[in-house]
Amino acid sequence: TRIGELAAAVGELCDNLHKHAVHGRLQVRCLRRAGVTGVEVVAVDAGPGLPDLDERHRPGSRAGDADDGGLPMVARVASRADGYSLPGRGTAIVAQFWPRGVYPGPATVAGLTRQLASEPVCGDRFAVRIGADGTLALLVDGLGHGPLAAQAAEAAVDTFRAAQSGEPAELVEEIHQAIAHTRGAAVAVVRLDAGEGGVRFAGLGNVAAAVLAAPGTAGAGRRGMVSQPGVAGHQRRTVCEFSYPVEPGAMVVLHSDGVTDRWDLAAYPGLAGHEPLVVAATLMRDAGVRRDDACVVVARVC
């Protein structure tokens, strides 16, 4: 029954992309949390947008079909669903499907990758480690693209997951040593310390990172974080770690050079209030370049 609900929801999203979208894209991936497996679906397009998406996404809404089909059906059968649409820019919808009666809770960190269209694999990767004392997120961009870039990125992710250290600079240094047999990569690690009101960051290579103040706070805006020059696995100076104060509700955004840094969250009214994956999908759609792999990671400070 649950597989049937998932299939119906995915079919509905695909049907919307086929009928109404421009440059529509659907991504599907497995989720594993606390021994439970789920499925996540991301539907993104650059179509005309839906001015009443919040209403359409609500089960039983008058904006839905008479049989509660369309987007209200997706929201009804999903364990959790969220979406953002801007008229003239397009729509991003995220839905998670877990076994009935099971929901591990919303993610405070989420990421999205997209490979160069001509390549079978993506050379950009991300990973997340969550502990009692904070959350660590990694973004890695293997040099170039294709299988060799993916090999470097995978080696970096494996090292990050297996490492005992929880310090960003130490993790970047450990990754640098571990991927020397690969073509190398740009690497960034950010740590959100639980209850300490700050983030710590270490980066090596061409990876962009920024802190976005919580909406409505006095320090509203975007503050870049410093990534040092070099190539993990091949050349680097002493890896330095930088600290940045943040307020609850702020966001941290990391992205590879497959995403331009000419984005401005202020151009998307209300987007900052949506789930991190919706933010990542929207930035990927509008700021991602077509000539390279791309990755966006978004973390919300609780």
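Begin by selecting Asp 193, which is buried, with a relative accessible area of 10%; here buried means under 20% relative accessible area, exposed means over 50%, and partly exposed lies in between, with a 1.4 Å probe and protein chains only. The model you have open is predicted, so local features need pLDDT of at least 70 and side-chain atom pairs count only at pLDDT 80 or more, while totals for chains, interfaces and linings use all residues. Residues are numbered from 1 along each chain as its sequence is written, and side-chain values use heavy atoms, with hydrogens and water left out.

**Around Asp 193**

Now add Arg 191 to the selection, and you will find that its side chain and that of Asp 193 meet in a salt bridge at 2.5 Å, N to O; the term salt bridge is used for a side-chain nitrogen of Lys or Arg within 4 Å of a carboxyl oxygen of Asp or Glu. Side chains of opposite charge can pair when their charged atoms come close. Arg 191 counts as buried, at 8% relative accessibility. Next select Arg 200, whose side chain meets that of Asp 193 in a salt bridge at 3.2 Å, N to O, and which is buried as well, with a relative accessible area of 17%. If you then add Glu 167 and Glu 241, you have the network of salt bridges that links them with Arg 191, Asp 193 and Arg 200.

**The five-stranded sheet**

Keep Arg 191 in view and select Leu 136, which has Arg 191 in E8 as its bridge partner. Strand E7 (residues 134–142) and strand E8 (residues 185–193) pair in the antiparallel sense over nine bridges, where strands (E, at least two residues) and helices (H or I, at least four residues) are DSSP runs numbered from the N terminus, and two strands pair if DSSP finds at least two bridges between them. Widen the selection to the open sheet of five strands, which has the order E6-E7-E8-E9-E14 and antiparallel pairing. Its edge strands are E6 (124–131) and E14 (242–245), each of which pairs on one side only.

Within strand E9 (residues 198–204), pick out Ala 202, which counts as buried at 0% relative accessibility. Ala 202 lies 6.2 Å from Cys 240, C-alpha to C-alpha, although the two are 38 residues apart in sequence.

**Helix H5**

Turn to helix H5 (residues 168–178) and select its buried residues, which are Pro 168, Ala 169, Leu 171, Val 172, Ile 175 and His 176. Seen down the axis of H5, these buried residues fall within an arc of 165°, so they line one face of the helix; the arc is that of the directions from the helix axis to the C-beta atoms.

**A link across the chain**

Which side chain meets that of Arg 89 in a salt bridge? Select Asp 286, and you will see the two side chains meet at 3.1 Å, N to O. The pair links distant parts of the chain, with Arg 89 in the loop between strand E3 (80–86) and strand E4 (90–97) and Asp 286 in helix H6 (residues 276–287), 197 residues apart. Arg 89 counts as partly exposed at 34% relative accessibility, and Asp 286 counts as partly exposed at 30%.

**The hairpin**

Finish with strand E1 (residues 25–33) and strand E2 (residues 36–45), which pair in the antiparallel sense over nine bridges, and where Arg 29 stands opposite Glu 40 in E2. E1 and E2 form a hairpin with two residues between them, and Ala 34 in the turn has a positive phi of about 50°.
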